[in-house]
Amino acid sequence: MSTVVPSAVQGQTLASALAGDVLVVTIDQPNEPVNTLSPSLAAEFEEVCVRVTGDLLINGLVLISGKPDAFIAGADIEQFPELRSSEDAERISRLGQDLLGRLENLRVPVVAAIHGACLGGGLELALACRYRICTDHPKTTLALPEVQLGLIPGMGGTQRLPRRVGLQAALDMILTGRTVRARRALQIGLVDEMVHPAILRDLAVQRARALADGSLKPSRSRSFRASSLLLEHNPLGRGVVFKKARESVMEKTHGQYPAPLAALDAVQTGYTEGHEEGFRREAKLFGEMAMTDVSRQLVFLFFATNALKKDPGVDGTPPRPRTVERLGVLGAGFMGAGIASIAVQQGTLVRLKDTDTARVGKGLASLRSVVQERLTKRQITRHQFDDYLALVGGTTDYSGFASTDLVIEAVFEDVALKQRVLAEVEPAIEPSAVYASNTSTIPIGRIAEAAHHPERVLGMHFFSPVHRMPLLEVIAAEHTSREAIVTAVAYGKRLGKTVIVVNDGPGFYTTRTLAAYMNEAGRLLDEGASIESIDTALEGFGFPVGPITLLDEVGIDIGGKVGLVLAEALGARMTPSEAMRRVVTAGRTGRKGGSGFYRYDPTGKKGGVDESVYQVIGVQRRELNREEIIERCVLAMVNEAVRCFEEGILRSPRDGDVGAVFGIGFPPFRGGPFRYVDSVGPARIVDRLEDLNVRYAPRFKPAELLMDMAAQRRSFYADPR
Ligand code: NAI
């Protein structure tokens with residue numbers, strides 16, 4: 001039996017209730033979907049500590065969330081832009097550490113009852129408790145994702161986590177921000193127990209009482225493997241672990257992300273110089289990281305994606321989106337099957353159509369393998385797996401399409417075919433159903449010419465592989481209705497995507513800017529640059545892979561076609577390189593055909609550069625300056641991105657930054673092309689473009705908008721933070 005004494009004061013986040021001699025504190029931030037740690041919540045925690053210290057009738061404390069799916073999602077990031085100096089940020093970290101120190105040393109045992117997301121500061125709080133119970137629900141996830149924002153855990157996470165789960169498991173979480181699910185959390189000793197959500201609260205109260213009367217002792221040891229014991233329990237072994245971790249960070253980040261190295265430093269200080277020093281170092285490094293440009297850009301991207309979650313995709317009062325319960329997918333190829341595989345996982349009934357049963361069968365098999373992977377990783381249950389597969393049906397005609405709310409077309413990239421398919425399916429669907437093409441280049445307006453109801457036609461440009469890539473580019477054509485746009489945006493969000501809405505045009509935003517960049521890489525080949533020099537230079541700038549490797553991945557034939565379409569539409573600056581033309585004509589298609597710029601073994605594994613491709617390109621090779629390679633490719637992309645904004649293809653620089661980072665691999669730590677212009681300065685960008693244009697006119701003619709901005713000393717963002 002629990003008595004509420006007193007419930008949360010209006011506007012407060014913590015509500016306390018006594019369950020016998022155990023105080024249960026429910027964390028429930030008013031008017032917010034999740035709980036976050038903020039200075040005001042810290043003050044409320046202080047009050048709880050004072051109450052528990054003074055009230056000798058209280059023998060235990062339970063911390064639990066009032067939110068359906070989240071324990072505490074982390075620190076309140078909204079306060080970060082307010083921090084003006086590293087000393088400011090360090091002070092905040094010390095305050096957080098002190099608060100958790102008080103919680104850890106309370107007179108009574110504290111039990112964290114975790115259901116849902118327990119992230120960042122939320123997990124650090126849980127680590128300061130004497131006992132942790134989590135639910136076995138798929139929504140329960142634990143992580144220290146600070147490095148993803150260019151930060152390090154700042155409330156003792158770098159000190160407490162290694163003690164709890166061992167050095168290697170802790171580094172794995174801290175240096176990558178990796179999410180740990182309930183079962184794994186139990187395995188590594190991150191939590192002490194895992195239970196069904198229905199009994200979480202009661203069990204937590206029982207455990208607090210048992211800890212208080214001594215009948216339960218929290219386990220101190222974890223189930224170490226012998227090998228980790230050997231490595232971790234002596235300074236020499238730990239030295240090896242730290243060295244390996246540092247090497248792995250450098251390999252993954254090319255030294256461009258300082259936070260993982262800082263986190264490593266904080267953890268190591270705790271081991272070599274003791275606990276107190278470890279905490280001090282953590283706070284100091286947290287302060288330093290909070291002021292890095294990398295962190296500013298990553299925090300910007302975090303805010304931008306959050307803002308997009310709330311953006312309906314149209315200005316003004318949005319109409320109501322149509323709820324998509326039934327989806328038709330035309331084309332069961334690579335993209336069609338990928339789209340269907342994420343749709344069934346959101347409970348959508350899917351009809352997957354292709355031209356013959358063999359192709360339909362292949363599409364269904366590839367959908368199954370995407371869902372299977374989630375089952376194998378235990379991200380879904382067998383029951384869910386069966387349910388998802390039951391939601392998809394294959395067809396070679398339009399049966400079942402009459403009741404679809406949305407049709408997504410993913411047939412070959414061919415205007416005539418796309419128009420024919422649209423004309424064919426329209427009579428089979430409701431007049432109000434929305435129709436989207438997944439084309440990556442063709443203007444939606446051209447496809448819509450074949451429609452009786454062009455107002456329902458738009459683009460939903462997914463990226464490959466669909467189940468991994470976070471972006472969806474929704475393309476609104478001239479006649480597209482606001483209802484169709486908000487429906488596509490809402491459904492894209494349901495599929496877990498970050499959605500940007502752009503206006504129609506050849507290559508829209510992402511394909512067009514990527515094409516400008518890839519084309520410049522081709523021009524470099526024309527001038528004799530080596531394949532490795534181009535790829536390593538741009539990887540060094542921060543792209544996940546270089547442009548030539550990317551071309552092999554996407555398909556050289558596809559890249560060639562895109563180049564032609566864009567050259568026709570946008571003129572001389574997009575004229576394809578001679579090298580590209582020759583490699584396409586030679587029939588090399590890249591990885592899928594086993595022959596491209598690089599060598600591939602029969603399993604598709606990439607080897608070194610295929611030297612024979614230089615004969616195809618037929619140019620004398622020469623060294624090109626690394627800086628010039630980077631500058632030419634990056635500025636070609638950035639200039640094109642600005643043109644897209646200037647022409648009204650993009651609704652905002654924010655969309656352009658998010659689209660480039662999440663769709664085409666622009667380095668996140670640089671924030672996106674528009675943030676890049678702001679950080680370098682529009683005047684300097686214009687200078688560099690003009691210099692290049694002297695040699696390569698008209699490719700580098702600066703966008704008008706850039707010139708205006710340089711002249712008026714304006715930037716895209718009012719506040720660069
Ligand atoms: P794919 O070649 O794997 O699949 C196309 C499928 O369409 C084939 O299974 C084909 O049989 C089917 N098809 C042809 N005519 C049809 C018809 N009349 N009715 C039903 N199905 C028909 O091609 P992929 O890669 O899936 O591309 C599809 C679309 O997605 C293209 O427009 C492409 O530009 C776009 N896209 C592709 C990306 C990629 O990385 N592969 C990325 C983003 C967009």
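**Close-up views of the ligand and its surroundings**

**View 1. The chain and its domains.** Here the chain splits into domain 1 (29-291), domain 2 (326-504) and domain 3 (511-648 + 651-712), with bounds that come from an automatic or database domain assignment. The C-alpha centres of domain 1 and domain 2 are 41 Å apart. Please keep in mind that this is a predicted model, in which local features need pLDDT of at least 70, side-chain atom pairs count only at pLDDT 80 or more, and totals for chains, interfaces and linings use all residues. Residues are numbered from 1 along each chain as its sequence is written, and side-chain values use heavy atoms, leaving out hydrogens and water.

**View 2. Residues around the ligand.** There are 21 residues around the ligand, and Met335, Asp354, Arg359, Glu413 and Lys418 come nearest; a residue counts as near if one of its heavy atoms lies within 4 Å.

**View 3. Polar contacts of the ligand (pairs of N or O atoms within 3.5 Å).** In the side chain of Glu413, an N or O atom is 2.5 Å from a ligand oxygen atom. For Arg359, a side-chain N or O atom lies 2.8 Å from an oxygen atom of the ligand. Met335 takes part through its backbone, with an N or O atom 2.8 Å from a ligand oxygen. Of the 830 Å² of accessible area that the ligand has on its own, the protein covers 82% (Shrake-Rupley method, 1.4 Å probe).

**View 4. Elements of the shell.** Helix H13 (334-344), helix H16 (415-425) and strand E17 (457-462) each give two or more residues to the shell around the ligand. H16 gives the most, with 3 residues. Helices (H or I, at least four residues) and strands (E, at least two) are DSSP runs, numbered from the N terminus.

Definitions and conventions:
A polar contact is a pair of N or O atoms within 3.5 Å; within protein, one must be able to donate a hydrogen and the other to accept it, and residues adjacent in sequence count only if both atoms are side-chain atoms.
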